Every structure is written in C-alpha cells, then in structure tokens.
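The following exercises concern an interface between two chains and the surroundings of one helix. Please work through each task before reading its solution.

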Amino acid sequence: MCFFGLVPGCSNTFRNHFSPTLSTRTSTRKPAKARPMADQADHVQSQTPDRITGAQALIRALEMEGVETMFGYPGGCILPAYDPLLDSSIRHVLVRHEQGAGHMAEGYAHVSGKPGVAMVTSGPAATNLVTPLMDAYMDSVPMVAITGQVATNAIGSDAFQECDTVGITRSCTKHNELVMTSQDLPMAVRQAFHIATTGRPGPTLIDVPKDVLVNEMDWYWPTDEEVLASLPGYRPNVKGHPRMIKEAAKLILSSERPVIYAGGGILKARAAEALARLVELTGIHVVTTLMARGVFPDDHELNLGMPGMHGNATAVTAMQKSDLLVALGSRFDDRITGKVDAFAEEAKIIHVDIDPAEQGKVRRPDVPIVGDARQVIEEIIIEIEKLLETGTVQADTSAWKSKVSGWQEQFPMMYEPSEPGQALKPQFCIEQLRDLAPERTILTSGVGQHQMYASQYWKFNEPYTWVNSGGLGTMGFSIPAAIGAKAAFPDATVWAIDGDGCFQMTAQELVTATLEKLPIKVALLNNRYLGMVRQWQEMFYDERYSSVFLDSAEVPDFVMMAESMGCVGIRVESPEEVGPAIEKANSINDRPVVVEFRTEASEGVFPMVPAGASNDDLILHPSQQDRKDQLK
Amino acid sequence: MTTINQYSGQAVNHHILSVLVQNRPGVLARVSSLFARRGYNIFSLAVAPAEDPGMSRITIVVDLESAPLEQITKQLFKLIDVIKISELDPRRSVERELLIATVKAPPEQRSEVQSVVDIFEGKIIAVAEEVLTVSLEGHPDKLDDFEELLDGYGIVELQRTGRVALPKLDRGARLRSIANSATTSGKAG
C-alpha cells in the first residue's frame, strides 16, 4: 500500500518511525503533535495520495521528526516555508540575525540533547549561518539547518541572493544537500536528522530552492530501512571492540597514577551516569574538560576540575604526571595538551571515541576503542567487575592520591579580593552568581576571560547545565545560546555570562528574548577591554595594547541599551551591590535582565599554559608562582 | 612535497587510494576539498562511474607518509557519500593511464617520431604537416618514459588522464580495506 508506488512499505510509516532500529534518537523522542500523524493516518485509510506543496511537506517532515521549537528568519527564497508554519504545531522563534538563530539552535541542542533547528533564507542569510554551523561542527552539536535557495532554474546565474550554500558549508557541516525536487524533501529531512543525531553528532544542512518549496509532491514518510538504504556509506559504530575493552579494564586496574580525562562526548552520549559508576568502582580521579563541565559533579572528591590552558594546577599536573589517561569522548585538543610532544609523557592512553578519525589524530593511543561512550564505559565496568571477581587486585593508588590532594591543598584556585573603592573582581561576581543561583541553573558563556572565570569558579554538579563555544571560540555565543536553552527549558533559570566585547556582537537578540518571552539573565562583566587579548598583550607583547580598549564605560550605556530592548538593566559597581543585584535579577521572571558588573580591567586568568608551551610550564597565580616546585 | 620516483618502481610514498563513492553531484568536490582543507596534495585523480552505475570509483594517488595517510583516509571515510576506501599496493595492482600528445614532426623527423610511437606500441591518431597527435595507454611509468622521449622532439600539447587502478587478480584478494580494521571499524561523522 503505497502512494503511486513511490515508497515500498510506506504503510509501516508510523511504526517504523518510532522503532528503535534506526538510532538511539528515535527511542527518546516523541512526535510533536498529533495533527500530522492524524492527517497521515486519514490518508492511509482513504488510500488517496496526499498532494501537498514542498513547503508543506518540509514543515510536516519537521513535525514528524519531533521538532517543537525552531529558530529562524524569513526572506525571499524561504518564504513559502513560512506559510505552513502558521498552521504548524512548531514554535518558531523569530530572531534578529541569522547567526542568532544558529546559536539558539545550538543552545537548545546542548541542554536538551535534541537537534536544534534553524531555518533561514538564501544568500546573506545562509552565509550568516556559517559561524554557528562551524561552531556546532567543532563542538559536535546536533543541529539541522534549512536554508532557502534561488529557484532551480536560476541556480548558477548569480541570481539575487544566490550563493553556493552547499559549497560554502561543505567543510563546516557533517553533511549537506541541495534538494532538487519536492518529492525528495521528506527523505532529505530524515537523512539530515539521522546524520545530525547519530554517531558523532554534528550540524547538517538542507538547501531548498524556492520552486522546490512551491511545487507539489505526493506526501510519504520514508521508513527507517529506506533511510538506511539511502545512506550506504554511513554506519556509525557504537559498540566497542571486546578485546580492546578487556585490555582497557586490565590497564585501568594495573595503573598506579590513573586519571579519567572526560570530554564533551560523554554528554553527547548521555554517559554521565555510566561515568559516575566507573569512578565509584575504581576510585580514579576525573578531570572534566571545558566542554564536559558538569558531566561529573564538581562537589565529588574525585573531581579535579578543569584541565587545559586555563585549567587548575592540580588537574593540569595530574594529567601531566599520570601513568594512564582514560580519555572518554575527548579529542586531545591543543588547549588541553599544550605542547603535544611534552604532554603526559609517561601516560598510556585509552581513547574511547565514536569517531574513528579521532584515534591517533593527536596522540597514538595504547588502547583505541571506537564506540559510543556510554556503551563502552558500561562494558568496561563489566570487565573490571569480572576481573575483580576473579581475584585481580587493583594497583595501589594511595601514594598518587596523597600527592594529588597535596597539590589541591597547595594550589587552590585563587584571586585577590578587591580593596574597597576598587573595581569588582570578575571571579567574585561569578562566585556570587553561583552561590545565589537557583538549583539546576543553566549557564552559558561567550568567549574570553569571562568564559574561563565561569568555568573555573562555578560549581557544576549537573550535566547539561553548561553551554559554551569550546572548539571554535565564538564571541557572542552566550546570549543566543541562552535563549535557545531557555526555549528548551522555559522553567529553568538561564544565566548568560558575557563580556563587553561579546555582548556587543549579538546583544540585539535580547529583543528576541523579550518579545518571545524567553526571559534569560545576562551577567555582563564589563572590564572595558577585550580582556583575554589584553592579557596576552600584557604577557607576551610587552604591554603594547593594540586595539583592545573598547572604552565601554559610557558608550554604549549597557543599562539603557538593555532597557531599550525591553530588559531590566542593572549596573553594579561595588562589592556590596553584587548580591542584591543578583537576587533582584533572579526574582524577575517576566522579562530578560542584564546586570552590568563593572570589573577590574587588569585582572588576568590564572593558571595559564601559554599557547604552544608544555603543561609543565604552567604559570600560576602570582601569589602561588614561587611554590611551583611542589608541582612535581 | 616530493614527487613520486617514476623510474625506480619502488616509489616510497606512493599510495593509491581506490575510493568507492555514491555517484551524486558534488561528491568529487567533497573528496577533493577534504584533501585541500587538511593541507594534503593530490598527485593524480581519476573518477568515473563504477560497475554499479549508482557508484563511482575515484582513484587518488597521494604522496604521503603513512601516518598522515591514515588520518586522511579516516577523515575521507567520514564523508557520508564514501562507501569504501581501499589502498592498493602499487606492486600488486594493475595501473593504467592514457596519454595524448601533439608532437612536433616536420617531414625530416617524422619517421623518427613514428618509430618511437611504434616502439611504445602507441598510436598516431591525427596527422598534420608539422605535427602529429599520438596516444599511448599503459602503465604510468611507461607513459613517463614515452613523454620524455617525445619531449626531445618538442611536445606542443599534452594531456594525461591520471592513473586508474585495480588489484591484480593472480595473488588472491588484493583489496585491503584500510578503513575497516579493528581499531577503525565502522564510521562516524
């Protein structure tokens, strides 16, 4: 029973869509609303073909994929798709810049685990989406972008608002497609969602010419089998190799100085719980990378916190001196390893990653395991339990543990509190925000010093509460990402930590936040500088401050700017105002709030491993630097 | 980048990748731009539909140390349209290439050019007063020799196709799937 014989077996549409065979995604996602399903059921019953436009098919396909919220901006070529949206169950968030739509989709995906969807028009809209696509690609964020394209007969003619979107986005998407006929749309959507959410997640893009949206097609919904058959070259491997898993278990038990190097992939694999069990079972220390903050509770005594360029001394040094690194869903980024040749020289490496290309890309692993982090961790746990039952004894790690706790005591994260009358310390602001935050507050950040302070001084005890741009380092990420997170969890408190540089890149999305009733809160740390660049110029360019002074003490007036966009604006200049301002912000729930903290311009982020230096050459806070010998 | 040693027959860094892809628009661009993005040079590339018209086979000759090659094939394997990647051992595969050249051949040296073409079992496919257009199909090394000899007479225009290759049949299965070993089984994007 199939419309015009187009799709064999399409009577199984509904059953197959929610069967677990295609992906883990299908088992966790629900249909958005009953409407399209009911429509479809009616048509199946009547056995008449459902003639609809490509645009209607596109929106229906998105509904079938379980999309509840999408972010976008209409324009000429995508216009037809905006018409059926009026009748759709999907909430469309109208942004103020297409980059905002992309980052909102990312924020939504980060916290919910569901793919974020952005829809924009052709040409400049598509190019504006390039930054979020690359950001999502670097951080493995599931995202589906839909871009309008000029009509098929105009493609290649340099038509108005034409650009080679598929060409431009080829190296910043996991996959992209130009859809040339309306009939192909449902399959293109299914493929895009399947690819974006399975294996190593990432952004996909469908480029849809205007006539493809306008022309009619016979509605159908491809089955899982048809989707898989259409992608013969795509078979993510989720199950780790049993022999490698056995080896990993042995190595873990036999190591005297092991460290678990937990990366963002654990969040993508929903493996936080499995990780916790592995830690409990083995008593091994964990470091959580910038992307993985929250995957293991900061409160836990075995969590050493964040490693890397601005990681804390203990996390950096523990990795550096370990004899075994259990890398789980982490990719040995240069911000973690420092100088690769000098990175953790004595450590054996167990590397668990779903992407085979990550194995050996930076550091050759002793035990490479390609697979889904959750499955692999669970299997490693089983193997360890077997070994323990059969009498294997775990190596003595007590000497190592006392060494690590010694470092923790000697080298806590520290900053010098400001003297009365001086500007605020940004770290103090973050601590106050942290201490006054309601439970399960979601934190997003831009990129720079404020991002590092946030990741260093916040206590992340829950996964999916930290959203930031790790790989690409996209300034302006925090406000749109916070809006996306708020759209996913409207009841959660969402704080965006921002700097005055970042804020001025995407602040216009606060208009979106106000009008779409997505009341986020922004903690703007205004030090009047591009702080991180300033710090590098101070340390490595003889204090020659070239083009970093933003002079944002009066222009813009951030409070007025915020209020003009419908937000509450609060300015904070002294330490005693910090707590009350945050409490006030936390109590406002009907509109966005921007709290501008006037912070100390000369404050630097410590510890620091200079770019390209070895992790052994960590620069500590000036007050700790003379004790550096003890980090050995 | 060093060039392949064309005459020793023991080209050190000479790797032939045989990449089976879906025959769809843009696939070649995906493959070649991946090399470009990662900073690797393609020495020769030939592409045409394979035995199944839905598939194309791309023969890529690259000149790399094996470690970067491993990374490039893994990245290549991540492309959704790539079905299979095999590395062909140059000593255990059949390689062919086609050369077409227009060579100076004034009457006084025409017979010499003709005899060179005969020795190589090439063909003269077009004749004019001062030039000949010749073709030769064969192993790329043979084409190199032929080209060098023709150069002595003066090559006006030259086109080579880039090499295509398949494994030899006489020594068992030769397609060594390099993106399918224990450590790299499956694929992810």
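**Exercise 1.** Determine how much area chain A and chain B bury between them, and which residues of chain A supply the most.

*Solution.* In this predicted model, chain A and chain B bury about 2300 Å² between them. Carbon and sulfur atoms account for 54% of that area. On the side of chain A, 23% of the area buried against chain B is supplied by A:Arg170, A:Gly233 and A:Pro356, more than by any other three residues. The contact itself draws 29 residues from chain A and 25 residues from chain B.

**Exercise 2.** Identify the polar and charged links across the interface, then describe the side of chain A that touches chain B.

*Solution.* Begin with the salt bridges: the count between the two chains is three. One of them joins the side chains of A:Arg364 and B:Glu70, with an N to O distance of 3.4 Å; this satisfies the cut-off of within 4 Å. Next, seven residue pairs, both members at pLDDT 80 or more, are in polar contact across the interface. Turning to secondary structure, β6 (175-178) and β14 (367-370) of chain A each supply at least two residues of the side that touches chain B. The largest share, three residues, comes from β6(A). By class, this side of chain A has 12 nonpolar, nine polar and eight charged residues.

**Exercise 3.** State which residues of helix α20 of chain A are buried and what covers them.

*Solution.* Helix α20 of chain A spans residues 426-436. Its buried residues are A:Pro426, A:Gln427, A:Cys429, A:Ile430, A:Glu431 and A:Leu433. Their cover includes the chain A helices α21 (449-457) and α27 (575-587), together with the strands β17 (494-499), β18 (521-526) and β20 (593-598) of chain A.

Technical notes. Residues numbered from 1 in each chain as written. Chains lettered and ligands numbered in written order. Predicted model: local features only at pLDDT ≥ 70, side-chain atom pairs only at ≥ 80, totals over all residues. Heavy atoms only, no water. Contact = heavy atoms within 4.5 Å. Buried area = accessible area lost by both parts, 1.4 Å probe. Polar contact = N/O pair within 3.5 Å; in protein donor to acceptor, adjacent residues only side chain to side chain. Helix = DSSP H or I, 4+ residues; strand = E, 2+ residues; numbered from the N terminus. Nonpolar A, V, L, I, M, F, W, Y, C, P; charged D, E, K, R; others polar. Buried < 20%, exposed > 50% of the residue type's maximum accessible area, 1.4 Å probe, protein only.
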